[in-house]
Amino acid sequence: VIVGEGEKKRQIQNKIQEKNLQNCLLLPYQPTEMLPHSLRAADIGVVTLDKNSSHSSVPSKTYNLFSVGAPILAICDRSSELARLIVETQAGEVYGENETESILQFINELHKNEDLLSKYRSKSLHASEWFTADNAKQFVPA
């Protein structure tokens, strides 16, 4: 299940049609109150970041995925802040956009190995503790 209306939606729709994939469902953006349920329903949270943005931002969905303990599959430049964050928290794995076989191996390994899936879930949930309102107050004067 893929939720959203991002710029790659048309490309994903075309790939699903081209490959005649029967196990993919595309849903539009969901209401805000559904976000925790949508995020928690995922076995793996996928966060992508193109090369042009890789050194200027971390997608906010990363922090949302941490908050529900989702293992993260990050597809981005390995020198990006997103990659550093995922490696440092051990909440998932980082791959370049052309590492399709390695990405598939990671997904299959998580599918087969409940202990590994549990480890990533735990690390992701623990990482969410780094990004609380109380932590932010340490950096913002009252």
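## His-55, out in a loop

His-55 is exposed, with a relative accessible area of 57% (exposed means over 50%, buried under 20%, partly exposed in between, using a 1.4 Å probe and protein chains only). This residue sits in the loop between strand 3 and helix 3. Its C-alpha atom and that of Asn-135 are 23 Å apart, with the two positions 80 residues apart along the chain.

A quick note on the source: this is a predicted model, where local features need pLDDT of at least 70 and side-chain atom pairs count only at pLDDT 80 or more, while totals for chains, interfaces and linings use all residues. Residues are numbered from 1 along each chain as its sequence is written, and side-chain values use heavy atoms, leaving out hydrogens and water.

## Overall layout

The protein has seven helices and five strands (DSSP runs numbered from the N terminus: H or I of at least four residues for helices, E of at least two for strands). Read from the N terminus, the order is β-α-β-α-β-α-β-α-β-α-α-α.

For 142 residues, a compact globule would have a radius of gyration near 14 Å, and the 16 Å found here agrees with that (taken over C-alpha atoms; the rule is 2.2 Å times the number of residues to the power 0.38). The C-alpha trace spans about 55 × 35 × 30 Å along its principal axes, and 32% of the residues count as buried.

## Strand 4 and its neighbours

Strand 4 (residues 72-75) is covered on both faces: Ile-72 and Ala-74 are buried on one side, Leu-73 and Ile-75 on the other. That fits the usual pattern, as side chains in a regular strand alternate between the two faces of the sheet.

On one edge, strand 4 runs parallel to strand 3 (residues 45-48), joined by four bridges (pairing takes at least two DSSP bridges). Here Gly-45 has Ile-72 as its bridge partner. The chain gets from strand 3 to strand 4 through helix 3 (residues 61-67), in a right-handed β-α-β crossover (clockwise from the first strand over the helix to the second, with the strands pointing away from the viewer).

Strand 5 (residues 92-95) also runs parallel to strand 4, with four bridges between them. Leu-73 is partnered with Glu-93. Helix 4 (residues 81-89) carries the chain from strand 4 to strand 5, and this β-α-β crossover is right-handed too.
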